[in-house]
Amino acid sequence: MEKYLYKRNSGDYTILMAYPAIEEFALASLGYMWLYKIADSMSGINALRCSTDNIVSAKNIQSIAFSMSFDFDFMGVFGILDKLHIPFYAKDRDESYPLIFAGGPVITTNPRPYEAFFDFMLIGDGENLFPKILDILKSNSKSEALELIGKLEGVYIPDKTAVKATVPLEDVIYTPIISDKGYFKDTFVIEIARGCMNRCAFCTASYTNLPFRSYQYEQIIKAIDLGLEYTNKIALLGAQISAHPNFNEIMHYLEDKIDSGIKLELGISSLRTDSVTPKMVQTLVKGGQKHSTIAIEAASERLRRFINKNLKEQQIIDAVRISRENGLKGLKIYSMIGLPTENQDDIDEFIRLGKILRAENKGFGIEFSFSTFVPKPHTPFQWTKREDTKSLEKKQKYLEKQLAKIGISSKFSSIKWDYWQAVLSRGGSELAPFLVEVYNNGGKIGAYKSALKTLKPEIKQEFELDEVLPWDVLEIYPGKKLLINEYNRLFRRL
Ligand code: SF4
């Protein structure tokens, strides 16, 4: 069942709001759902939702908007276009086809591999830009609309440059449709802050969302009250939620609700390691949370300092102890392997840290969760080399074995998929035929290998500081010059 938290509208202009994955994930994507809400509540617009398992083939679709959150989402984009019998390449679509555009974190980070498929792309925050685009679309022909949209800040059109749209956070964004079909079933997710001021050198969530911004406390509370009219499951969202200036007050407000008898289920996806307090954990436990996650990124203090994750070992030890003492059943400790400059000593630090945590927290669930370092555009590590697959596999085997010996379970992301993620993240427009070939071959790992063999696209693993990068077409604060300074600062202080 779906409960709409806003008044719907309709109109003559039909836009397909397409999510390139299954509906369960579409309903859990706050950015996508919020833009759908904007379209669905606007007069003159007939907004239709569409996902890979729920493809709407309505007549007279005038435009299709895709939201891309993950690097492999191009498969879903092609899947939907395929089912609708629409050519993939923009150059093959004449006036009779809908206008097709995309936005979302993947596009904001690097639109280049996908630019041949879209008429235009949205870079950055969409909540203010999207209504302007809809206004233009509903009252202009396709070619006129394209010309007008191309002049808006935050819009990227191939062969041009674009400035990222960054909004001051005014109207709080929350789940506009509560659904039992979503990945977060019947949950009201509310964004309380955007970005993160820590600037870890690999972190695209921080670097593409600067400066850190937060919503007004009063607005958040008002939205939470609205959510509670429809559900008792509330989740707070943001890369650095505990940096919200009123974070404690928000937690108190939620705790008071629980104390007043409301059976509130509270969700916070991860805790910031250096700010875990007994009170915070107690509130989460009262809200029904049993497990949580902390991100330490690396076990060695040397490596953490190098990547700008300024977290002391004692803070990790304290975070685990506080979580255990205040009622959580277990903690996932998230880290990476393959970070620039990582050596065997850094890997062995995981075992040493694991031993300390195991000894001090008997009976408490501790799991080390690893992914491999994927260099991302717009970060100080955008130029660095990704470690080769064989060497990463060796590290994975070693860690799995050694951590199991001390009674700590471990999970690893797929090294092979992470490799392809790195290729797509830093790719250019030359990847377009490669992506189509991968899709045509089914999209599994083997499809990447065979497309590589057939098309031999140039895959760059490392970039020079002074070379022009594919994603230099975007202007994103703080800009390339400051990224170079930060790169030099980090490597100089080794
Ligand atoms: S603390 Fe987390 S969100 Fe913030 S910059 Fe570091 S990795 Fe990114």
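Two strands pair if DSSP finds at least two bridges between them. This definition will be needed at several stops of the tour, which concerns a predicted model.

**First stop: the three-stranded sheet**

Select strand 10 (187–191), strand 13 (residues 233–237) and strand 14 (265–268). They form an open sheet in the order 10-13-14, and the pairing is parallel. Strands 10 and 14 stand at the edges with a single partner strand each, so one side of each lacks a neighbour in the sheet. On average, neighbouring strands of this sheet are turned by 20 degrees against each other, direction ignored.

Next, display strands 13 and 14 alone. Four bridges connect this parallel pair. Which residue of strand 14 stands opposite I234? It is L266.

Now add helix 8 (residues 217–228), which lies across strand 10 and strand 13. Its direction makes an angle of about 170 degrees with strand 10.

**Second stop: the six-stranded sheet**

Turn to the open sheet whose six strands follow the order 3-2-4-5-6-7, with mixed pairing. The edges are strand 3 (45–51) and strand 7 (155–156); each has a single partner strand, so one side of each is left without a neighbour in the sheet.

Within this sheet, select strand 2 (residues 13–19) and strand 4 (residues 63–67), which run parallel and are joined by four bridges. To locate one bridge, label M17 and its partner A65 in strand 4.

**Third stop: helix 2**

Select helix 2 (residues 30–40). Is this helix largely enclosed or largely open? Eight of its eleven residues are buried, so the rest of the structure largely encloses helix 2. The buried residues are Y32, M33, L35, Y36, K37, I38, A39 and D40. To see what covers them, display elements including strand 2, strand 3, strand 4, helix 1 (23–26), helix 5 (129–138) and strand 9 (177–179).

**Fourth stop: the ligand**

Centre the view on the ligand and select the residues around it: C196, N198, R199, C200, C203, A205, S206, A239, Q240, A295 and K309. How many residues of this shell are nonpolar, polar and charged? Six are nonpolar, three are polar and two are charged.

**Last stop: E393**

Finally, select E393, which belongs to helix 14 (residues 389–405). A residue counts as buried with 20 or more other C-beta atoms within 10 Å and as exposed with 12 or fewer. E393 has 14, so this residue is partly exposed. Add K416 to the selection: E393 and K416 are 23 residues apart in sequence, and their C-alpha atoms are 9.5 Å apart in space.

Conventions. Residues numbered from 1 in each chain as written. Predicted model: local features only at pLDDT ≥ 70, side-chain atom pairs only at ≥ 80, totals over all residues. Near = placed C-beta within 6 Å. Nonpolar A, V, L, I, M, F, W, Y, C, P; charged D, E, K, R; others polar. Helix = DSSP H or I, 4+ residues; strand = E, 2+ residues; numbered from the N terminus. Contact = placed C-beta atoms within 7 Å. Axes fitted to C-alpha atoms, helices over the stretch in contact; angles between N-to-C directions.
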